[in-house]
Each structure stands twice: as C-alpha cells, then as structure tokens.
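Here's a quick walk through the pockets of this protein, with a look at one of its sheets afterwards. Have the structure open while you read.

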Amino acid sequence: MQSLTIGPFHHAHGTIPLPGSKSISNRVLLLSALATGRTTVRGLLAADDTQVMLNALHVLGIHMEHDGDVVTMQGSGGTFPHTHADLFMGNAGTAIRPLTAALALMGGTYTLHGVPRMHERPIGDLVDGLAMIGARITYTGSHGYPPLRITPSQIDITHPIRVRGDVSSQFLTALLMALPLVARQAITIQVVGELISKPYVAITLNLMQRYGVTVTNHEWRSFVIPANDGTPYQSPGDVWVEGDASSASYFLAAGAIAGGPVRVTGVGRNSIQGDVAFVAALAAMGAQVEYGDDWIAVRNNAPLRGITIDCLAIPDAAMTLAVAGLFASGTTTLT
C-alpha cells in the first residue's frame, strides 16, 4: 500500500506556480464568446467549472481551439449561433448563472440542467430579476432551482431592475454581464439589501471594462450600464487569467508560519482579486511581504502576532488566516 508521511516540518520555502482563477476564467470565457473578434485566453484554469462552460459554448455554436491552458475563441458579436440547445451544466454555478442571463436575452429556446446537487442550488433571485424585463424562464423541477427552460420573449429595459445582493454576488454578476446585450438605452440595476462579496463584483466590472463596457458603480447600491449599438463587447485580443489568489493563501501562509521565503507566481501587485488582501493581513501579523508584477513572496524570521480583522473582503482566505492565527502570539480575532 502506498503512503504519504507528512511532517513534522519546521521550514517551508520554494516557488509555486498558481492555477488560474476560476472566477476570472469563466467570466473571460463568456465575455470572449459574446465579443466581436477573436480572443486568445491564456492561463485558463483546468477544472470542472471551466470545462462545463467550454462545452456549453461549443454546443451554442462558438468556434474555439483548445491547447492546454490556452483557448482561442471566435466571438459571436453578441448573439450565439444556435438558437436551440440543451445544456448540461454539471455543478458549475459560475457557468449556469451568467449563461442563464445571457440566453434569456437571445430570443431562442434553451434548457439548462445539471447534476442532482445543481438542482438544489438556488437561482430564483436571478430568474426574478430577468422576469422584470420580460424574460420567459420556467422551472421544470422545483420552483427557484434548476433545471430551467428559456423561451423567446419581448425584453423591456425601460424600468430599473432590482436584484437581491445578500444571497449571492453571482446573480448581480450575471445581470451585469448579460444586460449590455440589450442596452439600446442605459439600464439601471438596483441592489436590494447589503451587497455581499463586493470583490467578486469588482472582478466582473474590471473584466467588462477590458472588453469595452464601462459600468457606473453608485456606491454598490446601483449600477448603470451604458447604451450601445448592439455589439457591446469587443475582443481585447490576448487575455491572461490571473493565478488564483485564494489558492495562493495556503502557500503564502506557509511562508509566514515556517520561515520562507515562499513565492507564488501568476498573481502580483496589480491583481484584480479581492483575496490578494490576505497578504496585507500576513504583513499586519509581522510577516515580510514582497510583490512583483506576476509574483508575491512571504518570509518570516520571528513569531507572528495576533490581529483583529474584518474578513468580509477575503471570504475564501479567512479559513487560512485562522490557521495562521494558531501560530501567532496573542489573540487573533476574525469578524
């Protein structure tokens, strides 16, 4: 029988290339498919969620070439070639939610379904928001959950669209990415309640701007999508997917706890991911941090010290910070 013996270890050092960010990967794939022009996406994450998105876009008629972590895609100019499709979405929330919003505006007939767990994941707030502008989406299973059936509809964007912000930021992201497709006049999205996971919405806004659509953000309470001529997204040519900042937290914490230096590559000082703020928390605990354009390194030659920190902006890295707190003098409080 094979076995793996772990520790105890007293020092950690080295360089780790990061996998691509899932949040960025699937956003970029959909934006590239909707854009005018040819886009080459480099550093794409290899994972179930991204494979589900690639498969769905292929079924919808998007031509692409896939070689390792590089995908070259010919955009559709805002309208998918196939107006009828049956799409298997696995358990990929980052794929089904934005695709549902985009397909609801296409004027075609589509079904979206997945594994049993997908059919337990709520999507009702997104469907309600789309229904406000006339989209026709029906539940073919339990109300508020996939599977879904989308049929042609008359879209009306003359009134603001309201979406809850305290359930999932993916609902707002889906609307933000899809609504430029029908924005013959400016469209306002109003957030009901407190918007959670603002850093993930910030990723969406940043990437949309890279593809030519600049959304006005009114203090996270409302968003205004500008009017366009019907082809809102333009290919930026080459797009690099940042390394996943949440994954980086594990290795950087090891550098802070066990000496280092530990360096991660693929994400750096100009990252658009909120979880990169985890590094500032390590610095506040006494670790030494260095940044490059495409790397972050952490070392530490003294015991860490406890801190009090609000983790709302780094939800996926908070658990790693809890482990780092076990190796710090004093009390670490995460709120």
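Which residues lie nearest the centre of the largest pocket? They are Lys22, Ser23, Thr94, Tyr200 and Asp316, out of 37 residues that line it. Keep in mind that this is a predicted model.

Several helices chip in here: α1 (22-34), α3 (93-104), α5 (169-178), α6 (198-210) and α7 (245-257) each supply at least two residues of that lining. The top contributor is α5, with 5 residues.

In the second largest pocket, about 230 Å³ in volume, the residues closest to the centre are Trp240, Val241, Glu242, Gly266 and Asp294, from a lining of 15. This time α6 gives the most, with 3 residues.

Here are the two pockets by volume and by class of lining residue:

| Pocket | Volume | Lining by class |
|---|---|---|
| Largest pocket | about 630 Å³ | 13 nonpolar, 16 polar, 8 charged residues |
| Second largest pocket | about 230 Å³ | 6 nonpolar, 5 polar, 4 charged residues |

Now for the sheet. Four strands make an open sheet with mixed pairing, in the order β3-β4-β2-β13. At the edges sit β3 (64-67) and β13 (238-240), each pairing on one side only. On average, neighbouring strands are turned by 15° against each other, ignoring direction.

Zoom in on β3 and you'll find it paired with β4 (residues 70-74) in the antiparallel sense, over 4 bridges. One pair to click on is histidine 66, whose bridge partner in β4 is valine 71. Helix α2 (residues 48-59) packs on this sheet and touches both β3 and β4. The direction of α2 makes about 150° with that of β3.

Definitions and conventions
Residues are numbered from 1 along each chain as its sequence is written. This is a predicted model: local features need pLDDT of at least 70, side-chain atom pairs count only at pLDDT 80 or more; totals for chains, interfaces and linings use all residues. Side-chain values use heavy atoms; hydrogens and water are left out. On a 1 Å grid over the protein atoms alone, a cavity is a set of points where a 1.4 Å probe fits but cannot get out, and a pocket is an open set with protein on both sides within 12 Å along at least five of seven lines; lining residues have an atom within 4 Å of a point. Grid points are joined across faces, edges and corners, and a volume is the space filled by probe spheres set on the points. Ala, Val, Leu, Ile, Met, Phe, Trp, Tyr, Cys and Pro count as nonpolar, Asp, Glu, Lys and Arg as charged, and the others, Gly among them, as polar. Two strands pair if DSSP finds at least two bridges between them. Axes are lines fitted to C-alpha atoms, for helices over the stretch in contact, and angles run from 0 to 180 degrees between N-to-C directions. Contact means heavy atoms within 4.5 Å.
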